[in-house]
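What follows is a report on charged side-chain pairs and cysteines, written for a reader who is meeting this structure for the first time. Please look over the sequence and the model before reading on.

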Amino acid sequence: MSVDGRSHIRIARPSRDLAAAERFWCGGLGLNVVWRTEEGGPPGGHDLLMLGWPDAGWHLELVHEPGRPVEPRPTEEDLLVVYLDGPVPDELVGRLERHGGTRVPSPNPYWNEWGVTLEDPDGYRLVLCRRGWSNR
């Protein structure tokens, strides 16, 4: 087995409120719930929410441990960038805001010129970029 471009990627983050995160990422962006576990309870038991698109080679994992919560510590450079290869629809930005997102300016002028930046309910940033991207 090798590690290459076909390897699935998991992006894991702590969350204060999985229900609020699900509203933003699913209701706002349109990700699907891939997996959900509600263990809760004593230290070591955690609630887990995995989100993604069925055809994606990655998924976002959000974790909350009620018995010993980890406070999210995002910075303004912790970005999840989605390259749209076209205009950022105002309707999509509005939907993300209605589902708990906050539109914010980026300290990096590149993202202000080429996209729209929103913070999710935990303060992590999503950039919708109107440019396209390929590693090829």
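The report below takes up the salt bridges, then the cysteines.

The model described here is predicted, and a search of the whole of it finds nine salt bridges. Three of these pairs are set out in the table, each with the distance between its closest N and O atoms.

| Acidic residue | Basic residue | N to O distance |
|---|---|---|
| Asp 122 | Arg 16 | 3.5 Å |
| Glu 22 | Arg 36 | 2.7 Å |
| Glu 65 | Arg 68 | 3.7 Å |

The pair of Asp 122 and Arg 16, whose closest N and O atoms are 3.5 Å apart, links distant parts of the chain, for the two residues are separated by 106 positions in the sequence. Asp 122 sits in the loop between strand E7 (115-119) and strand E8 (125-129), while Arg 16 belongs to the loop between strand E1 (9-14) and helix H1 (18-29). Asp 122 has a relative accessible area of 4% and is therefore buried, since buried means under 20%. Arg 16, on the other hand, is partly exposed, with a relative accessibility of 41%.

In the salt bridge between Arg 36 and Glu 22, the distance from N to O is 2.7 Å. Because Arg 36 lies in strand E2 (residues 32-38) and Glu 22 in helix H1, this pair ties together parts of the chain that are 14 residues apart in sequence. Arg 36 is partly exposed, with a relative accessible area of 42%, and Glu 22 is likewise partly exposed, with a value of 22%.

Glu 65 and Arg 68 form another salt bridge, in which the closest N and O atoms are 3.7 Å apart. Here Glu 65 counts as buried at 12% relative accessibility, whereas Arg 68, with a relative accessible area of 53%, is exposed. Elsewhere, salt bridges that share partners join Arg 16, Glu 71 and Asp 122 into one network, so that Asp 122, buried at 4%, and Arg 16, partly exposed at 41%, both belong to that network.

How many disulfides does the structure hold? The structure holds zero disulfides, a disulfide being a pair of cysteine sulfur atoms within 2.5 Å. Among the cysteines, Cys 26 counts as buried at 17% relative accessibility, and Cys 129 is also buried, with a relative accessible area of 0%.

Conventions. Residues are numbered from 1 along each chain as its sequence is written. This is a predicted model: local features need pLDDT of at least 70, side-chain atom pairs count only at pLDDT 80 or more; totals for chains, interfaces and linings use all residues. Side-chain values use heavy atoms; hydrogens and water are left out. A salt bridge is a side-chain nitrogen of Lys or Arg within 4 Å of a carboxyl oxygen of Asp or Glu. Helices (H or I, at least four residues) and strands (E, at least two) are DSSP runs, numbered from the N terminus. Buried means under 20% relative accessible area, exposed over 50%, partly exposed in between (1.4 Å probe, protein chains only).
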